[in-house]
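Visitor: I'd like to learn how to read a surface that faces DNA. Could you walk me through one?

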Protein chains: 2
Amino acid sequence: MSQVSGRRRAVTILDVARAAGVSRAAVSKVIRDASGVSPAMRARVNAAVQELDYRPSVAARALRGASYTIGLEVPQVGNRFLTQIVEGALEALGDTRYQLMIAPADGREGYGAIEALADRQVDGIVVVSPRVEARWLERLAASVPVVMLGRHDRSERYDTVVGDDTAGAGQVLEHLVGLGHRHIVHLTEDSAVTAIGTGSPHTLRLRAYEDGMAAAGLGALARVVRTGQTEKSAQATMRELLAERPRPTAVFAGHDQLAIGALAAVVEADAGREVSLVGYDNTDLAAHPALSLTSVDQGGPEMGRRAIGMLLERIGGRTEPRHHVIRPSLAVRRSSGPPAHD
Amino acid sequence: MSQVSGRRRAVTILDVARAAGVSRAAVSKVIRDASGVSPAMRARVNAAVQELDYRPSVAARALRGASYTIGLEVPQVGNRFLTQIVEGALEALGDTRYQLMIAPADGREGYGAIEALADRQVDGIVVVSPRVEARWLERLAASVPVVMLGRHDRSERYDTVVGDDTAGAGQVLEHLVGLGHRHIVHLTEDSAVTAIGTGSPHTLRLRAYEDGMAAAGLGALARVVRTGQTEKSAQATMRELLAERPRPTAVFAGHDQLAIGALAAVVEADAGREVSLVGYDNTDLAAHPALSLTSVDQGGPEMGRRAIGMLLERIGGRTEPRHHVIRPSLAVRRSSGPPAHD
DNA sequence: CTGAAAGCGCTAACAC
DNA sequence: GTGTTAGCGCTTTCAG
């Protein structure tokens, strides 16, 4: 009806049809460039579209078919690693007709953001939060193509893209042990994150840490310290570690955000030369010379690109699941070095 | 009809109505908790909703009325300042029934992301990119509530939230001049950004820089250096500045990302004590002890919160425009100090 | 090659 | 208080 609070009604396909003196169906064909339209009609319709500045309603389209929207659920907008994934995804979407929509799940627990995406009839969903039940995800995947990032358990219903967390953490351990460290602490998020079945990346990193310590004959020295998921809490936890005597000589953080928080405590205590620090994700910040954080690169942008690629394949009709594993590599920087005292 | 490539058809309101033995309208009323439903019916319907795991289609709803979606257009997903805005926005959306959807405009120029949002029938749009023509925005605002962030020119059609860039940059100049600096360079993005009418934040910061220099009797020493929008390019530009003799003693960067890039060059050259650096935005990184960057805080989260507040008011019916200005404050840290040699 | 008509899932009038 | 009905804007058979 009339405009709500002075809002203008949008131009519809009917307006265009009338202006061009053709049927709605004809307009529809032209804008989708479907076959079966004469050049003359195409020209008339296009002119009318231009003239009226017509834009098809995605909602109406979605009701019939596709919304040309890819949804990406992210647990935390501020997370640099996720940001890299998004950049890769955008790149892969490039000039397809699909638009990326990011639904932030910040704070609110549960599946709200993912459901919001599904409710909006997106054509495919990339899920990043690892705290999602596999069952639930399978149900979701029954109605819309899904690719899950960073989850190791495989499903018949959805695709996955993961880094090889075991290998990555293994490289860290080799590096630190190789430098001569023995008192190596693993700093990771509280157990909620490492307890999600065996599939969570952080669980695997934790296992690999324990295995690596054991393999180096340091099993008895292995020590896992939990902290919150923010930089601030990692900083606070690291302060406590630095107050201990003897101090651990190296800390392997579960991800860069924790590592960067820990680094803050190290800088405060001016203990840079005494304790080595290694992160995971090789966030762009890690390379900053003021931080120079040794970190495992697991190719965030590549993950994003791959995820989109798989989704587009699914949308295109593929039904067999695919699972892609990315090989990580360690970027060694100044935050790690030989222990000060042997 | 039947499922596309094995995809399950979603439960519709009709399924629920049948299961509950009532009409579709009744179901609709219950799920929107509109008035005029008996407790008994409400119970039956709710049971059926649970049973079938029914979720209303947002697309279908949008066709009639609201999509309960707020769109936020961001020019760059990796930008920490934008991230803060998003966090504020999420907070303000809290437990309203509105869902935030972020449309990243990364890279692609033009209004693609904003249009994508509008096409998807969002109930309101927050626009962050300052490179948008006022005209175009006014047209958009005629069909959907819009609030524009960081733009100084006022419109009758849309709301705005801005920091007082002139005051913020003024504080920086006072700070640096007060410390005794005379060779103060302003590092800002290439002219495309500072040339968008008089409304762009960066134009105002630039003006305030020039005015501040002049007011301090340093007009002749004023020097504006342009760089790209990435950390890397700021770093490269800063390297060149550091290679000059005499070096500038202070650099005021147009925003933290540039400042952080510049800081990388400073750290590389080990010139930390010789050149002061000030940023703008007071990004969370600025507070990190390894960077400790002096920066202007313009309340990103507050901007996000305010923007959402205004949008909800518009959606609620307000039609007169509102424009909100946030007072910035300077966070002084170790990156700025008195010049080494006078 | 073109147009008429049915219907996607939902809401809002309006009858009953 | 409850159900019927007419669309919202678009795509898609299916006749012509």
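Guide: Sure, classes come first: Ala, Val, Leu, Ile, Met, Phe, Trp, Tyr, Cys and Pro count as nonpolar, Asp, Glu, Lys and Arg as charged, and the others, Gly among them, as polar. A residue is near a strand if one of its heavy atoms lies within 4 Å of it. This is a predicted model, where local features need pLDDT of at least 70, side-chain atom pairs count only at pLDDT 80 or more, and totals for chains, interfaces and linings use all residues. Residues are numbered from 1 along each chain as its sequence is written, chains are lettered from A and ligands numbered from 1 in the order written, and side-chain values use heavy atoms, without hydrogens and water.

Visitor: How many residues of each class make up the surface near DNA strand D?

Guide: That surface has 13 nonpolar, 6 polar and 9 charged residues. In total 28 residues surround DNA strand D, with Tyr54(A) and Ser38(B) among the closest. Sugar and phosphate make up 58% of the strand D atoms within 4 Å of the protein.

Visitor: Which part of DNA strand D does Arg61(A) approach with a polar side-chain atom?

Guide: Look for polar contacts, pairs of N or O atoms within 3.5 Å. Arg61(A) has a polar side-chain atom 2.6 Å from a phosphate oxygen of DNA strand D. Lys29(B) instead places a side-chain N or O atom 3.5 Å from a base oxygen of that strand.

Visitor: And what does Ser57(B) bring to DNA strand C?

Guide: A backbone N or O atom, 3.1 Å from a phosphate oxygen.

Terms used:
A polar contact is a pair of N or O atoms within 3.5 Å; within protein, one must be able to donate a hydrogen and the other to accept it, and residues adjacent in sequence count only if both atoms are side-chain atoms.
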